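Here is a report on one protein chain, written for a reader who has the sequence and the model at hand. Look at the model first, then read on.

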Amino acid sequence: MARVPELRKFAKKHGLPIITIADLIRYRMQNERLVTKAAVAELPTENGAFVIHAYENSIDNETHVALVRGDLGDGHDVLVRVHSKCLTGDVFHSARCDCGPQLHTAMARIAEEGRGILLYLNQEGRGIGLANKIRAYQLQDGGLDTVEANERLGFKADQRDYGIGAQILSDLGVKTMRLLTNNPRKFVGLQGYGLTVSETVPLEIPAHDHTRKYLKTKKDKLGHRLSSV
């Protein structure tokens, strides 16, 4: 079976138009409504009361959730954290990454402000899935960094897409947001869906011995704005 590079050469040689599955998904995300709100419930937490909204995605049938704090009002300048699922960091408190501390810090900041959204997207391991993330960990144990490990497995450094997240935020009534992130790619990924990022708010977790190489890779290879490494 021909791969994309060979298909591009074939299409160029014969003057044929070509699109990839990723192109098609991107087009559908920009032009079709692909999320449906499935359920809403109250969610008391250590950081106070939130309302949890479950959304189903018609492209891959994944379920994503949004934790909403307070009254979003006119939807302007809402404090938002878009957080991709990290089972090892969020649940098991792995020290290999800063995901868990970022999640809990974001929830605390939103709770303190009294108005905001924590959007939790089901795209584990920068979009490569849990099993492949563990495979990437194994490669990192052998000396590769996080980007090299993903690429060795045949993936991009970061496979995540924020189109579904943007549709969820739009459905919740967000117009402009103050985005809790150090990742400029996330900023760009959420633009162009009827949403505007009015401000980026840093969410930096200090580096320690287990995360220093990981954070330096994010800074040097993925462009994250980090000052502690």
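At 7% relative accessibility, Lys133 falls among the buried residues, because buried means under 20%. Its salt-bridge partner is Glu124, with the closest N and O atoms 2.5 Å apart. Glu124 is buried too, with a relative accessible area of 7%. The model described here is a predicted one.

**Salt bridges**

Side chains of opposite charge can pair when their charged atoms come close. A search of the whole structure gives six salt bridges. Three of them are set out in the table, including the pair just described.

| Basic residue | Acidic residue | Closest N to O |
|---|---|---|
| Lys133 | Glu124 | 2.5 Å |
| Arg96 | Asp141 | 3.1 Å |
| Arg178 | Glu199 | 3.4 Å |

Which parts of the chain do Asp141 and Arg96 tie together? Asp141 belongs to helix α6 (residues 130–141), while Arg96 is in the loop between α3 (87–91) and α4 (99–113), so the pair connects parts that are 45 residues apart in sequence. The two partners also differ in their cover: Asp141 counts as exposed, at 58% relative accessibility, and Arg96 is partly exposed, with a relative accessible area of 29%. Arg96 has a second neighbour of interest, as it lies over the face of Tyr137, at 4.2 Å from the ring centre.

A similar arrangement of charge and ring is found elsewhere in the chain. The charged end of Arg69 sits over the ring of Phe50, 5.6 Å from the ring's centre. Pairs between aromatic rings, on the other hand, number zero in this structure.

The side chains of Arg178 and Glu199 meet in a salt bridge. This pair links distant parts of the chain, with Arg178 in strand β6 and Glu199 in strand β7 (residues 196–201), 21 residues apart. Arg178 counts as buried at 18% relative accessibility, whereas Glu199 is partly exposed at 39%. Through salt bridges that share partners, Glu113, Arg178 and Glu199 are joined into one network.

**The nonpolar cores**

In soluble globular proteins, nonpolar side chains tend to be buried together. Which residues have the most contacts inside the largest nonpolar core? They are Val82, Ile117, Ile168, Leu169 and Met177, in a core of 25 residues. At least two residues of this core come from each of β3 (63–69), β4 (78–84), β5 (116–121), α8 (163–171) and β6 (176–180). The most is given by α8, with four residues.

Another core, of 13 residues, lies apart from the largest one, and its members include Leu67, Leu103, Ala106 and Tyr120.

Val82 shows what such a position looks like in detail. Leaving aside residues up to four places away in sequence, Val82 touches Leu119, Leu121, Tyr162, Leu169, Leu179, Lys186 and Leu190.

**Helix α8 and the loop after it**

Is α8 mostly covered or mostly uncovered? The helix is mostly covered, with seven of its nine residues buried. The buried ones are Gly163, Ile164, Gly165, Ala166, Gln167, Ile168 and Leu169. Two of these names, Ile168 and Leu169, appeared above among the residues with the most contacts inside the largest core.

After α8 comes Gly173, whose phi is positive, near 100°. Gly173 lies in the loop between α8 and β6. With a relative accessible area of 22%, Gly173 is partly exposed, because the buried class ends at 20%. Not counting residues up to four places away in sequence, Gly173 touches Asp74 and Gly75. The C-alpha atoms of Gly173 and Leu72 are separated by 7.5 Å, although these residues are 101 apart along the chain.

**The chain as a whole**

Ten helices and seven strands are present in the chain. How many of the 229 residues count as buried? The share is 43%. The accessible surface of the chain comes to about 12200 Å², and 53% of that surface belongs to carbon and sulfur atoms.

The contacts can be sorted by how far apart their residues are in sequence. Among contacts between residues at least 6 apart, 60% join residues at least 24 apart. The salt bridge of Asp141 and Arg96 is one case of a link across the sequence, so that parts 45 residues apart are tied together.

How values were computed:
Residues are numbered from 1 along each chain as its sequence is written. This is a predicted model: local features need pLDDT of at least 70, side-chain atom pairs count only at pLDDT 80 or more; totals for chains, interfaces and linings use all residues. Side-chain values use heavy atoms; hydrogens and water are left out. Rings of Phe, Tyr and Trp (its six-membered ring) pair if their centres lie within 6.5 Å; planes under 30 degrees apart count as stacked, over 60 as edge-to-face and the rest as tilted. A charge sits over a ring if NZ of Lys or CZ of Arg is within 6 Å of the ring centre and within 35 degrees of the ring normal. A nonpolar core is a set of buried Ala, Val, Leu, Ile, Met, Phe, Trp, Tyr and Cys residues joined through side-chain atoms within 4.5 Å. Buried means under 20% relative accessible area, exposed over 50%, partly exposed in between (1.4 Å probe, protein chains only). Contact means heavy atoms within 4.5 Å. Accessible areas come from the Shrake-Rupley method with a 1.4 Å probe; for residues, only the protein chains shown count as cover. A salt bridge is a side-chain nitrogen of Lys or Arg within 4 Å of a carboxyl oxygen of Asp or Glu.
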